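This report looks at how aromatic side chains meet in one protein chain, and then turns to a single helix residue and its surroundings.

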Amino acid sequence: MIQQNQQGQMHQNMHTGAVPQQLNHGGHEMFDVHEVLNGSIGTLNQYLMLRPHVKDPELLDILDRQYQFIQDEYNITLECFQSGQDPSKPTQSYKMKQGNDFVYGLTPTQPKKPMQNMTEISDEFISGCMLTACKSGATHKTMAACETTNPVVRRVLADSVPNCIEMAYELSIYQNKNHYYQVPQLAQQDMTQIVNSFAPAQGMPQTQNMNMNMNPNMNMGMNNNMNFKH
């Protein structure tokens, strides 16, 4: 008997027969989701270790809100990965408190270098670590979703990617506001040229009569080449 899941799809292994619902996963999916879950644990552990060193109350609020959200998403992903079915609650959408305004331009700063001792841990360093973790999560979840065969796990991973992006955006805005994350711009003339270097696509490509309109000798040559290759 072929296993049938709640979406009405049937799953069978050609060698072993029916696939249990909790094992409705492909090989790539197993490794990629394993990496996603490990990455989430790493991010949560990193947030936990960095929390006592945070000085700015605004950054502490961001860290706590993101920690709770990442932990919740980790549990949802783990649940559907282990059961192969819909989790007990859906993935939520992360809501940041920051505005959307960036300040553009560069100002002179001290060159960056590795820290020499723990007393050098700063809000700039902490927010930078958090930003890197969120970017990494977005990358790993996107790659895993593309390799996932289980429809529920695929949807949970795909729904989680925008949340990673939103958390990273929140942190980049925080860093920009505090002059940790400076954003250069191209010259206006260069930006205008690049922005206007594309045009909208229109209509369908006219390819149906291409072979008929080609030179007969060219067609013969192509056929000969094709025959020669075979």
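## An aromatic cluster and a helix residue

Tyr169 counts as partly exposed, because its relative accessibility of 29% falls between the 20% limit for buried and the 50% limit for exposed residues. The model is a predicted one, and it holds four aromatic pairs, among them the two listed here, each of which involves Phe102.

| Aromatic pair | Centre to centre | Angle between planes | Geometry |
|---|---|---|---|
| Phe102 and Tyr169 | 5.9 Å | 40° | tilted |
| Phe102 and Tyr181 | 6.5 Å | 55° | tilted |

The pair of Phe102 and Tyr169 links distant parts of the chain, since Phe102 belongs to the loop between H2 and helix H3 (123-147), whereas Tyr169 sits in helix H4 (residues 151-177), 67 residues apart. In the pair with Tyr181, that partner lies in the loop between H4 and helix H5 (188-195), so the contact of the two rings ties together parts that are 79 residues apart in sequence. Tyr181, at 28% relative accessibility, also counts as partly exposed. Taken as a group, Phe102, Tyr169 and Tyr181 form one aromatic cluster.

Is Thr77 buried or exposed? Thr77, which is found in helix H2 (residues 57-83), is buried, because its relative accessible area is 6% and the limit for that class is under 20%. When its neighbours within four places in sequence are left aside, Thr77 is in contact with Leu37, Val156 and Leu157.

How values were computed
Residues are numbered from 1 along each chain as its sequence is written. This is a predicted model: local features need pLDDT of at least 70, side-chain atom pairs count only at pLDDT 80 or more; totals for chains, interfaces and linings use all residues. Side-chain values use heavy atoms; hydrogens and water are left out. Helices (H or I, at least four residues) and strands (E, at least two) are DSSP runs, numbered from the N terminus. Buried means under 20% relative accessible area, exposed over 50%, partly exposed in between (1.4 Å probe, protein chains only). Contact means heavy atoms within 4.5 Å. Rings of Phe, Tyr and Trp (its six-membered ring) pair if their centres lie within 6.5 Å; planes under 30 degrees apart count as stacked, over 60 as edge-to-face and the rest as tilted.
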